[in-house]
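Let's take a walk through a protein model together. Keep the structure open beside you and look for each part as it comes up.

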Amino acid sequence: MASRRSPLFATLALILLSFVCSTQARRIKRSEQQLSARTNTMDLSKFQVPLSNGSTTLPSPTPSLILKAITLGRGTQNYTCAAGSTAAPVAVGANADLLDVSSFVPLMASPQTAQLFLKLLTPYLVSFDFGIIQTARVPILGKHIFDSTGVPVFDLGAKGVFKGKKTAGIAAPKAACRGPNGRGEGAVDWLALAEAPGSVGLKECYRVETAGGKAPATCGGGAARNIEVQYATQYWFFG
């Protein structure tokens, strides 16, 4: 269970990510143009986005699209409760950093090894605060927010901008990490998203291998309030 896992694994994992990413950066530091070219030509063609929770499956990516980026998202799922409400909290968006692992995973022994590593890392990542992650020197590719109209936005800098609309969703696996240190209300659903107007260079996105993020079952009455629930996940982008 996630609650029994030592945070040492996450520390070592982030150090490894930092070391590999830093090594890659030093090798190509001669110019920003070379760094951009190196990042954009990393071969991700052998990687397959996880689609099954063990009983249900998300639709596959459109065959003509190319995997553009694999990121780890770390942030909060955001909800609100009206004064006196005993209903379920209302989802109002998310706020997350997107950690770039696209240049790291091709360097591992095999795609299967890399994807297993990422799957194991996500439950630990949800227990880490943003400060620790940022000082690990893992490249932060971009940011995930919701705009004023409620549309999810993923700004990946030079790789593009993705504005999404949900096309499919399935429950996270029963064994998924419930939240920080294995405690929480559960993992948010896995999602398939298609592009919405305003997207640039990216056509589809998948949220998979989620950890945490679910709101309490009810608001429980009391004063109006906003609720931020810690979560981590993988985001796969296709274009």
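In β8, which residue is the bridge partner of glycine 75? The partner is tyrosine 231. We'll get back to that strand in a moment, after a quick look at the whole thing.

## The big picture

First things first: what you see is a predicted model. The average pLDDT of the protein is 85, and 79% of the residues score at least 70. Two stretches score much lower on that scale. For residues 1-6 the pLDDT is below 50, and this stretch makes seven contacts in the model beyond near neighbours in sequence. Residues 19-41 are also below 50, with 14 contacts counted the same way.

Now for the parts list. The protein has four helices and eight strands. If you follow the chain from start to end, you meet them in the pattern α-α-β-β-α-α-β-β-β-β-β-β. Of its 239 residues, 48% count as buried. And what about contacts across the sequence? Take the contacts with a separation of 6 or more: 74% of them are between residues 24 or more positions apart.

## Strand β8 and its two partners

Strand β8 covers residues 225-238. It pairs with β1 (residues 67-81) in the antiparallel sense, over 14 bridges. The bridge between glycine 75 and tyrosine 231 gives you a spot to look for. Strand β8 also pairs with β7 (residues 204-212), again in the antiparallel sense, over seven bridges. Here you can look for valine 208, whose bridge partner in β8 is glutamine 234.

Why is β8 described as largely enclosed by the rest of the structure? Because 10 of its 14 residues are buried.

## Threonine 76, a residue in β1

Threonine 76 sits in strand β1. Its relative accessibility is 6%, and anything under 20% counts as buried, so threonine 76 is a buried residue. Its side chain makes a polar contact of 2.8 Å with the side chain of asparagine 78.

Who else does threonine 76 touch? Leaving out neighbours within four places in sequence, the list is Ala94, Asn95, Glu228, Val229, Gln230 and Tyr231. You've met the last of these already: Tyr231 is the bridge partner of glycine 75.

## The disulfide and some other cysteines

A disulfide is a covalent bond between the sulfur atoms of two cysteines. How many disulfides does the count come to here? Just one disulfide. It joins cysteine 81 to cysteine 219, with 2.1 Å from S to S. The angle about the S-S bond is -85 degrees, and the link is left-handed. This pair ties together distant parts of the chain: cysteine 81 is in strand β1, cysteine 219 is in the loop between β7 and β8, and they are 138 residues apart.

Are these two cysteines buried or exposed? Cysteine 81 is buried at 2% relative accessibility, and cysteine 219 is buried at 4%. Cysteine 177 is buried too, with a relative accessible area of 6%. For cysteine 205 the value is 0%, so cysteine 205 is buried as well.

## Leucine 191 and its neighbours

Find strand β6 (residues 190-195) and look for leucine 191 in it. Leucine 191 has a relative accessible area of 15%, so it is buried. Leaving aside neighbours within four places in sequence, leucine 191 is in contact with seven residues you can pick out: Leu58, Lys166, Ala168, Gly169, Cys205, Tyr206 and Arg207. Lysine 165 is 26 residues away from leucine 191 in sequence, and their C-alpha atoms are 9.9 Å apart in space.

## Aspartate 97 and helix α3

Over in strand β2 (residues 90-100) you'll find aspartate 97. It is buried, with a relative accessible area of 9%. Its side chain makes a polar contact of 3.0 Å with the side chain of lysine 143.

Last stop: helix α3, residues 111-125. Does its length fit or clash with what you'd expect from 1.5 Å a residue? Its 15 residues should span 21 Å, and the end C-alpha atoms are 20 Å apart, which agrees. The buried residues of α3 include Pro111, Ala114, Phe117, Leu118 and Leu121. Also among them are Gln115, Thr122 and Tyr124.

How values were computed. Residues are numbered from 1 along each chain as its sequence is written. This is a predicted model: local features need pLDDT of at least 70, side-chain atom pairs count only at pLDDT 80 or more; totals for chains, interfaces and linings use all residues. Side-chain values use heavy atoms; hydrogens and water are left out. Buried means under 20% relative accessible area, exposed over 50%, partly exposed in between (1.4 Å probe, protein chains only). Helices (H or I, at least four residues) and strands (E, at least two) are DSSP runs, numbered from the N terminus. Two strands pair if DSSP finds at least two bridges between them. pLDDT is the predictor's confidence in each residue, from 0 to 100. Contact means heavy atoms within 4.5 Å. A polar contact is a pair of N or O atoms within 3.5 Å; within protein, one must be able to donate a hydrogen and the other to accept it, and residues adjacent in sequence count only if both atoms are side-chain atoms. The expected span of a helix is 1.5 Å times one less than its number of residues. A disulfide is a pair of cysteine sulfur atoms within 2.5 Å.
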